[in-house]
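Here is a short set of exercises with worked solutions. Keep the sequence and the 3D view open, try each task yourself, and then read on.

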Amino acid sequence: MTSQTSSALAAAVLGAAALLFSALSIPSALQPPTLPPPVDVATVDLSVIITGVGAVGAPKHHFFNPSMIVARRGDTLRLRVMNLTFARHGFEIQGYGVRTKGLPGGPTGQETLTFVANRGGVFQYRCNIPHNPKTGDCSPDHESQVGYLVVLDQPR
Amino acid sequence: MNRGSSGLATFALVLSGLALIISLVVYISRPRAETGAAGPAAAPTTMALSMVVATFSGQGVFAHRWYPTMMIVREGDTVDLAVANPDEFSHQLELTGYDQKTKILNPGDSARIKFVADRVGVFAYQCALPYDPAKKHCTPDHPEMRGYLLVTAR
C-alpha cells in the first residue's frame, strides 16, 4: 500500500515536471532561431562595372568591380550595373532573385538594381548570359566571371 | 488487483521518467539566437592598404573608381591607406563619416590616411573634388567615384 502510493506519487511528480518542460519547449521548438532586428541600416549605393583585362590579341579575362560586396542584413543595396565590354553580359545574384537583363556594352548597357539584403550569407553573383559567339553573348571565360555578396548578421 | 495497480504505477513512473528525459533534451538543445560570445575577441589589427584611382574604359565609357571599392574592418582596427592618383585628372579622397580627407591629389600625387575605426557602421568614401574640366579636376563620372568602408562591432 505505502510502496504503491509513493510510486504513484513519484509518477505524478515526474509527469508534472515532464509536462512543464514540454510546455516550455513548445514555443521555442516551433520557431526558427530568432534573429534580432537590424540595429542600424544603411544604403550601399555602388557602381558595378563589367570589364575585362588581357594582353592585346589574347582572350580577355572578364570580371566585376567590385568583385566582393559586403553589407549587413537589413541594408539597402542600390547597384548600377554597367557593361564596358564588346560582348553582351548580365548580372545576377544567385539566391536573391536579383538580375539584370542582357546588357550591351557602352552607355546604353546600364541597369540599376535596388533591393534589401534581407538574408544573411554568402551569395555568388555572376554573368547570367551563356557564352554564344554567334550572337555576341558573353565570353569564353563566362564561368569565371563571378563575384560575391556577403551579407552579415548584425550582433545584439 | 493490488498487483495490477502497482504494475501500472511502475509503468507510469518509467514512462514519465522517459518523457522527462526527452523534454529536457529538447529544452536544452532548443535553437537560440547567437550570443556572439564564441570566444575571446582577436586583438585589434592594422589594415594597411594601397588605395588608387582605377580607370576602366571601353565602348566609349571612361569610368574612374576608388579601388578597392569595398573595405571591411572590425571596430578598433586601424585603417592605414596609401592613397595614390595615377590618373591624368586630379582627385581627392574623402571618408565623410570619419572626417578623413586627403589633400588634392594631382596626377602622380599620393597621400596617407591613418585612423582607428572606432565607430561601427557603413561609411561611404568618395571624391571630394567636383568636376571642373577647366582645372582638370575630376571627371564627368564624379558622383560614381564611391566606395564603402564597413566597420563591424567587436
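**Exercise 1. Strand β9 of chain B and its neighbours**

In β9(B), which residue is the bridge partner of M70(B)? Then work out how β9(B) is placed among its partner strands.

*Solution.*

Step 1. Before you start, note that this is a predicted model. Look along β9(B) for the residue facing M70(B): the bridge partner is Y148(B).

Step 2. Now widen the view to the whole strand pair. Strand β3 of chain B covers residues 70-74, and its pairing with β9(B) is parallel, with 5 bridges.

Step 3. Turn to another partner of β9(B). Strand β9 spans residues 146-152 of chain B and is joined to β8(B) by 6 bridges in the antiparallel sense. Two of the pairs to look for are Q126(B) with R146(B) and G121(B) with V151(B).

Step 4. Check how covered the strand is. Of the 7 residues in β9(B), 5 are buried, so that the strand is mostly covered; here, buried asks for 20 or more other C-beta atoms within 10 Å.

Step 5. Follow β8(B) onward. This strand, residues 121-127, also runs antiparallel to β5 of chain B, residues 93-95, and 3 bridges join the two. In that pairing, L93(B) lies opposite C127(B).

Step 6. Keep one general point in mind as you look at side chains: along a regular strand they alternate between the two faces of the sheet.

**Exercise 2. The sheet in chain A**

In what order do the 5 strands of the open sheet in chain A lie?

*Solution.*

Step 1. Start with an inventory. Chain A holds 1 helix and 9 strands, and from the N terminus the elements follow the pattern α-β-β-β-β-β-β-β-β-β.

Step 2. Trace the open sheet across its 5 strands: the order in chain A is β3-β9-β8-β5-β6, and the pairing is mixed.

Step 3. Find the edges. They are β3 and β6 (98-99) of chain A, each of which pairs on one side only.

Step 4. Zoom in on one pair. In chain A, β5 (residues 92-93) and β8 (residues 121-126) are antiparallel partners over 2 bridges, and I93(A) stands opposite Y125(A).

**Exercise 3. One residue in a loop**

Is H131(A) buried, partly exposed or exposed, and why?

*Solution.*

Step 1. Locate the residue: H131(A) sits in the loop between β8 and β9 (146-152) of chain A.

Step 2. Count its surroundings. H131(A) is partly exposed because it has 15 C-beta neighbours inside 10 Å, and that class lies between 12 or fewer for exposed and 20 or more for buried.

Step 3. List its contacts. Leaving aside residues up to four places away in sequence, H131(A) touches D137(A), C138(A), S139(A), P140(A) and H142(A).

Step 4. Look further along the chain. A87(A) is 44 residues away in sequence from H131(A), and their C-alpha atoms are 9.4 Å apart.

**Exercise 4. The overall form of the chains**

What radius of gyration does chain A have, and what would a compact globule of 156 residues have?

*Solution.*

Step 1. Compare the two values: chain A has 27 Å, while a compact globule of 156 residues would have a value near 15 Å.

Step 2. Add the extents. The C-alpha trace of chain A spans about 100 × 35 × 25 Å along its principal axes.

Step 3. Bring in the domains. Chain A is divided into domain 1 (1-34) and domain 2 (43-152), with 56 Å between their centres. Chain B has domain 1 (1-34) and domain 2 (46-152), with centres 65 Å apart.

**Exercise 5. Where the chains meet**

Which element of chain A gives the most residues to the side that touches chain B?

*Solution.*

Step 1. Take the totals: 43 residues of chain A are in contact with 39 residues of chain B.

Step 2. Sort chain A's side by element. Those giving two or more residues are α1 (2-30), β1 (43-53) and β3 (68-72) of chain A. The top contributor is α1(A), with 15 residues.

Step 3. Sort by class: this side of chain A has 27 nonpolar, 13 polar and 3 charged residues.

Step 4. Finish with the scores of the model, which are ipTM 0.76 and pTM 0.77.

Key
Residues numbered from 1 in each chain as written. Chains lettered and ligands numbered in written order. Predicted model: local features only at pLDDT ≥ 70, side-chain atom pairs only at ≥ 80, totals over all residues. Contact = placed C-beta atoms within 7 Å. Helix = DSSP H or I, 4+ residues; strand = E, 2+ residues; numbered from the N terminus. Nonpolar A, V, L, I, M, F, W, Y, C, P; charged D, E, K, R; others polar. Rg over C-alpha atoms; globule rule 2.2 N^0.38 Å. Pairing = 2+ DSSP bridges. Domains from an automatic or database assignment.
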